[in-house]
Amino acid sequence: MVHLPDGLVRRQPDALHDRFPLDRNPDIRLRLQRQDPGCLRELRHGVAGGRCPQDRGRGGRRRDDGILRRPLPAAGPVGAGHARGRRGVAGSTARCPDRRGGLVQVRRRERDRVNSRLDSIDAVVDAHLCTGCGVCAYLRPDALRMTDVDGVGVRPLPIVGITSGVAGDALAACPGRALQHDEEALADAPFGGEWGPILDLYECWATDPEVRHRGSSGGVVSALAAHAVTSGAAVGALQVQARADAPLLNETRLNRTYADIVSAAGSRYSPANPCERLDLVESAEGPSVVVGKPCDIAATRAAAQRRPELAEKVGLTIGIFCAGTPSTAGTADLVRGLGIDPTEVERLDYRGEGWPGEFRLRTRSGETRSLSYAESWGSLTKRRQWRCMICPDHTGEFADLSVGDPWYRRTEGQDGRSLVVVRTERGRAALLRALADGAVEGGPLPLEKLPASQPSLETTRGALWGRLLTLRLARVGTPRYRGLPTFRLWLKLGLSEKFSSFAGTVRRIKVRGLRRPEFMREER
C-alpha cells in the first residue's frame with residue numbers, strides 16, 4: 001500500500017498543478033516511484049486527468065478546463081468489486097476527490113504486486129519460482145523458516161519481526177532464480193552440453209538384494225551413500241525420508257549407519273527441503289554425502305561456494321533424476337481416491353519392491369492399498385509446482401553422480417537397475433571404489449543410452465526455450481539460465497510443438513495466475 005501525505009492531492013479550483021502538485025515535490029515523486037511504480041501513472045493519468053477509477057464509460061462530461069468529470073458516489077473506497085480490467089491498473093482502488101475537495105488514496109492489492117525483478121527471496125516465491133530446496137533458510141536462519149503451504153509446497157516464510165526482503169547470499173544461491181554452468185565444465189561435454197557435464201555412463205545395481213528390491217530402480221543411491229559411510233569416506237548421508245509420525249510428509253536427516261541409510265531408500269514424490277539442514281553437514285566431524293533432487297544439489301553447490309565451512313564437509317553429491325515435485329495435497333488426493341483418510345496412513349511408499357514399483361500404503365488398522373506407478377505418477381504430475389515445468393535440469397547436472405531410471409530397457413516386475421551419470425572426477429572415484437568393494441555391480445554404457453533412457457527430456461528442454469521467451473515478453477518472473485542450452489533443441493521440435501511452447505505458456509500464465517503471488521501473504 002502506498003501512503004500519501006496529507007495535502008498531496010487536495011483539490012483546489014485553480015490550476016491542475018495546484019490541485020495535483022506532484023511535479024512540485026520531487027521527494028514525494030521519488031517515494032511514489034520507489035514504493036509503487038504504477039502509483040504515479042495511476043495519479044497522473046487516472047485522477048490527475050480528471051478520471052477516477054469508475055470514469056471509464058458513459059456519463060462523463062468535459063468542462064472548459066479539458067478535464068473529464070462525472071457524478072461520484074458517496075465518499076468511501078470505490079475499488080471494491082471494481083477491477084479496472086479494461087484500461088488502467090487491475091485491482092487498484094482509490095478514494096476520488098468529491099465536489100467539495102478531498103484526498104486521493106491509491107491502493108495496489110498485494111495480489112497484483114509480483115516483482116519480476118526477483119531481487120529478494122519474497123519476490124522469487126511470489127513469482128512461483130521457488131523450488132522449496134531450503135538453501136535460503138540455511139544461509140539466513142535468522143530471517144526465514146521453511147513451511148509446507150497447503151496445495152503449494154514447502155516455502156520460506158519470514159520469521160516474525162523480519163520485514164525487509166531477504167537477499168545477499170541467500171538470493172544468490174537460490175536455484176529457483178538462476179542456474180549457471182561454468183564455461184570450463186561444458187568445454188568437452190558430449191551432446192553439446194545439452195545433458196550437462198558427462199565423463200562416463202554406467203548401469204548399476206545394489207548387491208544387497210534387500211536394498212535393490214526396496215529402491216526405486218536399482219537401489220544404487222542408497223548403496224553408494226551407505227558404502228561411503230561404511231568405508232570411512234564419509235561420516236553420514238544427508239537424506240530425505242518419510243516422517244514417522246506423518247508419512248505423507250518428509251523430513252531431512254543426517255543418517256550415520258548402514259541400517260538408517262538403507263531404511264530411507266525409495267523415491268519421495270512430495271515436497272522436501274534438504275538444503276535447510278545443510279547445517280548438519282557443516283557441523284559434522286567429517287565429510288558427508290548429500291542426496292537430493294537436481295535443484296537441491298545445485299543449491300548445495302552454490303551454498304558451498306559461499307560457505308567455505310560447508311565446502312569442506314561436502315564429500316560427495318548424488319543427484320536424483322526428477323520430473324517435478326507435486327504438492328502434499330496431490331498425495332493426499334491419491335490416498336482419498338483409494339478410500340483412505342490420509343490421517344490414518346501409517347506407511348506410504350511411492351515406488352519400490354520391484355521395478356518400476358507401485359504406490360503403496362498401509363493404515364494403522366492394517367489395511368493396504370496400491371496403485372500402479374503409471375496411475376499414481378499420472379495423477380501426481382498434475383500437481384507439480386510451476387518452477388518444475390520451466391526447469392532445464394532434470395538429470396542432476398550439478399552433482400558428482402546422477403542416478404535415474406534406464407527407461408531404454410523394459411524390465412517390469414524384475415529387480416531394478418539404475419542409470420548412473422558420472423559428472424566429476426570425485427564422482428568417478430566414488431563409483432569405482434563402490435564397484436571394487438562390491439557394494440554395487442554393473443558396467444559402462446555407450447553415452448547414446450542416456451537420451452534413450454529419458455526419451456521425453458529433449459522435447460521438454462527444447463520447449464523450455466519458447467516458454468522462457470514467452471514469460472519474458474509477458475513480463476512475468478523468469479529464471480535466468482546460463483550454460484544450459486535449450487535453443488538448439490527447440491529448433492528440432494516440430495511446428496506444432498514450437499507453437500505449443502508459446503501458446504501453452506500464455507494459457508498457463510492465466511490459468512496458474514502467474515501475475516499474482518503464489519499465495520496470499522495473509523496465508524503465511
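Q: Is H128 buried or exposed?
A: Relative accessible area sorts residues into buried (under 20%), exposed (over 50%) and partly exposed in between, using a 1.4 Å probe and protein chains only. H128 comes out at 7% relative accessibility, so it counts as buried. Keep in mind that this is a predicted model, in which local features need pLDDT of at least 70 and side-chain atom pairs count only at pLDDT 80 or more, while totals for chains, interfaces and linings use all residues. Numbering starts from 1 along each chain as its sequence is written, and side-chain values use heavy atoms, with hydrogens and water left out.

Q: What about the backbone of H128: is its phi positive or negative?
A: Most residues other than glycine have a negative phi. H128 goes the other way, with a positive phi of about 65 degrees, and it is not a glycine. You'll find H128 in the loop between α4 (121-126) and α5 (135-139). Those labels come from DSSP runs numbered from the N terminus: helices are H or I with at least four residues, strands are E with at least two.

Q: Where should I look for F191, and what is its phi?
A: Go to the loop between β7 (178-180) and β8 (200-206). F191 isn't a glycine, yet its phi is positive, about 60 degrees. With 27% relative accessibility, F191 counts as partly exposed.

Q: Which form does the peptide bond from W355 to P356 take, cis or trans?
A: Most peptide bonds are trans. The one from W355 to P356 is cis, with omega near 0 degrees. P356 belongs to the loop between β13 (345-349) and β14 (358-363).

Q: How many residues of helix α8 are buried?
A: Helix α8 (residues 220-230) is mostly covered, with 10 of its 11 residues buried. Among them are V220, L224, H227 and V229. Just after α8 comes G232, with a positive phi near 90 degrees.

Q: What is the strand order in the sheet of 8 strands?
A: Strands of a sheet pair through backbone hydrogen bonds, either parallel or antiparallel. Here two strands pair if DSSP finds at least two bridges between them. The sheet is open, with mixed pairing, and runs β10-β9-β11-β12-β16-β17-β8-β18. At its edges stand β10 (250-255) and β18 (440-444), each with a single partner strand, so one side of each has no neighbour in the sheet. On average, neighbouring strands are turned by 25 degrees against each other, direction ignored. For a parallel pair, look at β12 (residues 314-320) and β16 (residues 401-404), which pair over 3 bridges. There I318 stands opposite L401 in β16.

Q: What does α11 touch on that sheet?
A: Contact means heavy atoms within 4.5 Å, and angles run from 0 to 180 degrees between N-to-C directions, with axes fitted to C-alpha atoms (for helices, over the stretch in contact). α11 packs on the sheet against β11 (288-292) and β12, and its direction makes about 140 degrees with that of β11.

Q: How are the strands of the β13-β14-β15 sheet paired, parallel or antiparallel?
A: The pairing in this open sheet is antiparallel. β13 and β15 (368-372) are its edges, each with a single partner strand, so one side of each is left without a neighbour in the sheet. Neighbouring strands are turned by 10 degrees on average, direction ignored. β14 and β15 share 5 bridges, and F359 has L371 in β15 as its bridge partner. Helix α14 (residues 373-380) lies across β14 and β15, at about 80 degrees to β15.

Q: How many cavities does the structure hold?
A: Rolling a probe the size of a water molecule over the atoms shows where empty space is left. A cavity is a set of points, on a 1 Å grid over the protein atoms alone, where a 1.4 Å probe fits but cannot get out; lining residues have an atom within 4 Å of a point. The structure holds 7 cavities of 30 Å³ or more. The second largest has about 120 Å³ of space, a volume being the space filled by probe spheres on points joined across faces, edges and corners. Of its 14 lining residues, C295, C322, C388, C391 and D393 are the closest to its centre. α11 (294-306) and α15 (386-389) are the elements giving two or more residues to that lining.

Q: Which residues does R214 touch?
A: R214 lies in helix α7 (residues 209-214). Leaving out residues up to four places away in sequence, its contacts include V262, S263, R347 and E353. At 24% relative accessibility, R214 counts as partly exposed. The C-alpha atoms of R214 and D415 are separated by 9.4 Å, although the two are 201 residues apart along the chain.

How values were computed. On a 1 Å grid over the protein atoms alone, a cavity is a set of points where a 1.4 Å probe fits but cannot get out, and a pocket is an open set with protein on both sides within 12 Å along at least five of seven lines; lining residues have an atom within 4 Å of a point.
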